[in-house]
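Q: Please take a close look at a single part of this structure, beginning with one residue and working outward to the surroundings that help a newcomer place it. I would like a connected account, with each term explained as it comes up.

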Amino acid sequence: MVTHTFFSCIFSLLALSAKSQNCTSDDPRYENQISVNPDLSFYWTIDDVAKTLDGRLHYSAGEAWLAVGWSADPEGSMIGSEVVLGLPNSNEVSKRVLESYTVQGVKEANQQTLTGTSIVASNGETDMTFVKSLDEPGEIVIDATGINTLVFAVGSSGTLGFHSLFFIENVNLASCESSTVHTDSMNPDAVRIHAILMICAWAYLLPSGIAVAIFKEQIGPRWFYIHQSLQFVAVLMMIIAISIIVNELNRVGLDHMNMNPTTFGIHTILGVEALTAAGVQVVCGVCRPHKSELGKSPTPARKLFDLVHPSMGHLSVILAFFAVLSGIEHAYDFSYIGQKEKYIVALLVPLSLFFLSNVVWTIWSVLKKRGAVTTTGALVSMYVLAILLAVAMNGP
């Protein structure tokens, strides 16, 4: 723990340490230049008379949308930042305000006062130019002689989507001295693995474990060991999935307990609730009271267990369904996944069959007690309903 803290501090100091750059520009049209990374350079000239910044952002490693802007937060929060965004596919350069981390949260600014704009993507490179006033009403003021928190982003295509590169730097526009605040984006593979593990745990393993408990009379004495094994593997998958995503969020400096609905708060809230319900299930399973001897009435503790344990099991799956669904939507909005439909189908089909079988089993159990249905008839009915559900979900 001490070693981890020591190295974390060292890395933080290195990341935030000031770095002095040569302000000399290799483009004669601009007085100053900094290299954000080896492929991304920002050029600028301050016009003291016109009170403007003449800027250029050049990306040498691809044809993609570009953005450079200003954050009012020295720690580099994206939310509330004001950026100049260039979209090569629509040949558009405009001022935008970042209201959330999603594409939908990139809103056009009320004042579109940029001049000298251009965005060109060709021969594997992208170049954007603009002229912006230093001080505009209601906007973040650009400090021509002091430190500004600059936001840089590069997309993966010419159409606006989640950034493939992202940097936040505190830059002194007069001296070019800068310090890195944030330099990374989340790894899409980590997000996909997190999603797949959660879908496997919540849509396949846990419902299967519950189904084993429901059909225990048909399965026989081994049902408990099968039930326990399925739940154990599901919980293990959840722990791995959570560890992966928390580690990735910590790596890029994001709060994994962020409850703000404009980011991924709804997913976090539902996820915590589902995991809490699952945790109650584990505790109930470990501390379960013994069944009463044959012919004796169950104890109050056993009655409570028989009520709480199955109820919390179904509740946790319902909460998890909405948690995973919101996570899929967020991952799609952030461009971590390209096609959300296959994830939704992988989630929806097994859970639909699970809850349908629960409904049919409940109805059958009631009718059987009344002598109105046979076991064979119930199983045939479940099979037919499963076919009808599959047909309905796949469409005509």
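A: Q281 counts as buried because its relative accessible area is 14%, where buried means under 20% relative accessible area, exposed means over 50% and partly exposed lies in between, as found with a 1.4 Å probe and with protein chains only. This is a predicted model, in which local features need pLDDT of at least 70 and side-chain atom pairs count only at pLDDT 80 or more, while totals for chains, interfaces and linings use all residues. Residues are numbered from 1 along each chain as its sequence is written, and side-chain values use heavy atoms, with hydrogens and water left out.

Q281 belongs to helix α5; helices (H or I, at least four residues) and strands (E, at least two) are DSSP runs, numbered from the N terminus. Once its neighbours within four places in sequence are set aside, Q281 is in contact with V308, H309, M312 and G313, contact meaning heavy atoms within 4.5 Å. For one of these partners, M312, the C-alpha atom is separated from that of Q281 by 6.5 Å, although the two residues are 31 residues apart along the chain.

Helix α5 also has a part in the largest nonpolar core, to which α2 (188–214), α4 (223–251), α5 (265–286), α6 (300–333) and α7 (341–369) each supply at least two residues. A nonpolar core is a set of buried Ala, Val, Leu, Ile, Met, Phe, Trp, Tyr and Cys residues joined through side-chain atoms within 4.5 Å. In soluble globular proteins, nonpolar side chains tend to be buried together. This core holds 33 residues, of which W202, M238, V324, I328 and L347 touch the most other members. Helix α2 gives the most to this core, with 11 residues. L347 touches I199, A203, F321, V324, L325 and I328, when residues up to four places away in sequence are not counted. Another core lies apart from this one, and its 31 residues include A64, L66, F130 and L134.

Helix α2 itself has 27 residues and reaches 38 Å from its first C-alpha to its last, close to the 39 Å expected at 1.5 Å a residue, the expected span being 1.5 Å times one less than the number of residues. Even so, α2 bends by about 30 degrees at A201, the bend at a residue being the angle between axes fitted to the seven residues ending there and the seven starting there.

Elsewhere in the chain, charged residues form pairs. There are 10 salt bridges, each being a side-chain nitrogen of Lys or Arg within 4 Å of a carboxyl oxygen of Asp or Glu. In one of them, D27 pairs with R56, and the closest N and O atoms are 2.7 Å apart. D27 lies in the loop between α1 (2–16) and β1 (32–37), whereas R56 lies in strand β3 (residues 52–59), so this pair ties together parts that are 29 residues apart in sequence. R56 also meets D127 in a salt bridge, at 2.6 Å from N to O. Since D127 sits in strand β9 (residues 125–133) and R56 in strand β3, that pair ties together parts that are 71 residues apart in sequence. R56 counts as buried because its relative accessibility is 11%, and D127 is buried too, with a relative accessible area of 17%. D27, R29, R56 and D127 are linked in a network of salt bridges. A further salt bridge joins K132 to E139, with the closest N and O atoms 3.3 Å apart, and both K132 and E139 are buried.

R56 is also among the residues touched by S41, which reaches Q33, I34, S35, R56, L57 and H58 when residues up to four places away in sequence are not counted. S41 lies in strand β2 (residues 40–47). The loop between β2 and β3 holds K51, whose phi is near 60 degrees, a positive value in a residue other than glycine.

For the wider setting, the protein chain comes to 8 helices and 12 strands, and buried residues make up 42% of its 396 residues. Among contacts between residues at least 6 apart in sequence, 57% join residues at least 24 apart.
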